[in-house]
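Open the model in your viewer and keep the sequence panel beside it. The stops below say what to select and what is there.

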Amino acid sequence: MSENPFKIIRPTDQPPENLRKEVMGSVKLLMLLMRFMQLFMADYAMTLFENVRLTGKRDTRPSAAPPAPGSSTKDTPSS
Amino acid sequence: MLFRKKAKPDSHQSDEELVADLQRSMDADRFGILYDRYCAKVYQKCVGMTRDRDLAHDLTHDIFLKAFVNLSKFDHRSKFGTWVYSITYNYCLDHLRKTQRQRTDDLDEDAHGEVEHPEDRYEAELLSMRSEMLDEVLSKLEAGDRALLLMKYQDDLSVKEIMEVLGLGESAVKMRVLRARERAFELYQQLQPEGS
């Protein structure tokens, strides 16, 4: 009985040497991105922004919406 | 902790054990072991399907990234190898279909009822072709048909395994294999020199 021709034409090429480096490099980059995503998902970023806002703010009274940039207020010295 | 030291992976671990570890925590070294086990098979499959080594290089890279990103979706119901093959076949097919116009008669083939032809029709003809002729026939065949014939006759996948890879039912798989054989045989007859 003759051999299955599909088996005869099966490719035997080996993957190029640099392919491993490329794949593992991309995998490590992806892992890094995933770590950063985890960091943000865990709400560390929001905690950080919250602290920045609190330390920068002296007045603890509830305030209205901040004035639009360019609009005049009472404290603004008139020229 | 972000940068804790991890235990060295054991290269004697089974695929499934490595994947289970990777699902618990991402680790490039463990993924590297899986890469080493499957890169040649995936690359050769890509070469077989695309017949282009440069393209196979790019596709292999993308397939391993896709596998890495989707590792959490591997549910351990099938073998890891079958799962990787499934990604390989489907990714190659998607790519080839983007570059080749899909034959429209594939669309309504699932609407057919029972397989009306014997299941082994044209099989003997296909398996008795000269390898050079078969190679030529496969190169001219539509990507989906080529993939199916390679799965069945080169990789010896069972109908059940092809069902898993393609996400199709049994009758749809049998019908597609039959149609692929028919088209291959038609091409073979066209390529045959007159009088032989």
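Contact here means heavy atoms within 4.5 Å. The model is a predicted one, and every value below is computed from it.

**Stop 1: chain A**

Select chain A and colour it by secondary structure. Three helices and zero strands appear, and along the sequence they follow the pattern α-α-α. Of the 79 residues in this chain, 18% count as buried.

Now narrow the selection to helix H2 of chain A, residues 17–41. How far apart are its end C-alpha atoms? They are 37 Å apart, which agrees with the span of 36 Å that should follow from 25 residues at 1.5 Å a residue.

Show side chains along H2(A) and pick out its buried residues: Leu19(A), Val23(A), Met24(A), Ser26(A), Val27(A) and Met31(A). What covers them? The cover includes two helices of chain B, namely H2 (28–50) and H3 (53–69).

**Stop 2: where the chains meet**

Display both chains and select the residues in contact across the interface. On the chain B side there are 36 residues, in contact with 29 residues of chain A. Between them the two chains bury about 3,000 Å², and 69% of that is on carbon and sulfur atoms. Within chain B, select Tyr35(B), His57(B) and Gln154(B): these lose the most area to chain A, together 20% of what that side buries.

Next, look at the polar side of the interface. Eleven residue pairs are in polar contact across it, both residues of each pair being at pLDDT 80 or more. To see which parts of chain B take part in the interface, colour its helices separately. The elements giving two or more residues to the side that touches chain A are H2, H3, H5 (123–127), H6 (131–140) and H7 (143–154) of chain B. H2(B) gives the most, with eleven residues. Sorted by type, the residues on this side of chain B divide into 21 nonpolar, eight polar and seven charged.

**Stop 3: salt bridges between the chains**

How many salt bridges cross the interface of chain B and chain A? The rule finds four, while the count over all chains comes to 17.

Select Lys7(A) and Asp156(B). They form a salt bridge whose closest N and O atoms are 2.4 Å apart. The pair runs from helix H1 (residues 5–8) of chain A, where Lys7(A) sits, to the loop between H7 and helix H8 (159–166) of chain B, which holds Asp156(B). Lys7(A) is partly exposed, its relative accessible area being 29%.

Then select Arg10(A) and Asp155(B). This pair also forms a salt bridge, with 3.5 Å between the closest N and O atoms.

**Stop 4: salt bridges within chain B**

Hide chain A and select Asp15(B) with Arg37(B). Their side chains meet in a salt bridge of 2.6 Å, N to O. Asp15(B) belongs to helix H1 (residues 15–24) of chain B and Arg37(B) to helix H2 of chain B, so the bridge ties together parts that are 22 residues apart in sequence. Are the two partners buried or partly exposed? Asp15(B) counts as buried at 13% relative accessibility, whereas Arg37(B) is partly exposed at 29%.

Move on to Arg30(B) and Asp21(B), whose side chains meet in a salt bridge at 3.3 Å, N to O. Both Arg30(B) and Asp21(B) are buried. Add Arg24(B) and Asp27(B) to the selection, and you have a network of salt bridges linking Asp21(B), Arg24(B), Asp27(B) and Arg30(B).

**Stop 5: helix H4 of chain B**

Finish on helix H4 of chain B, residues 80–99, and select Thr88(B), which is found in it. Is Thr88(B) buried or exposed? Thr88(B) is buried, with a relative accessible area of 0%. Leaving out residues up to four places away in sequence, Thr88(B) touches Val42(B), Lys45(B), Cys46(B) and Ile63(B).

Now select Lys98(B), which is found in H4(B) as well. With a relative accessibility of 73%, Lys98(B) counts as exposed. As a last step, draw a distance from the C-alpha atom of Lys98(B) to that of Asp62(B): the two residues are 36 apart in sequence and 16 Å apart in space.

Key:
Residues numbered from 1 in each chain as written. Chains lettered and ligands numbered in written order. Predicted model: local features only at pLDDT ≥ 70, side-chain atom pairs only at ≥ 80, totals over all residues. Heavy atoms only, no water. Helix = DSSP H or I, 4+ residues; strand = E, 2+ residues; numbered from the N terminus. Expected span 1.5 Å × (residues − 1). Buried < 20%, exposed > 50% of the residue type's maximum accessible area, 1.4 Å probe, protein only. Buried area = accessible area lost by both parts, 1.4 Å probe. Polar contact = N/O pair within 3.5 Å; in protein donor to acceptor, adjacent residues only side chain to side chain. Nonpolar A, V, L, I, M, F, W, Y, C, P; charged D, E, K, R; others polar.
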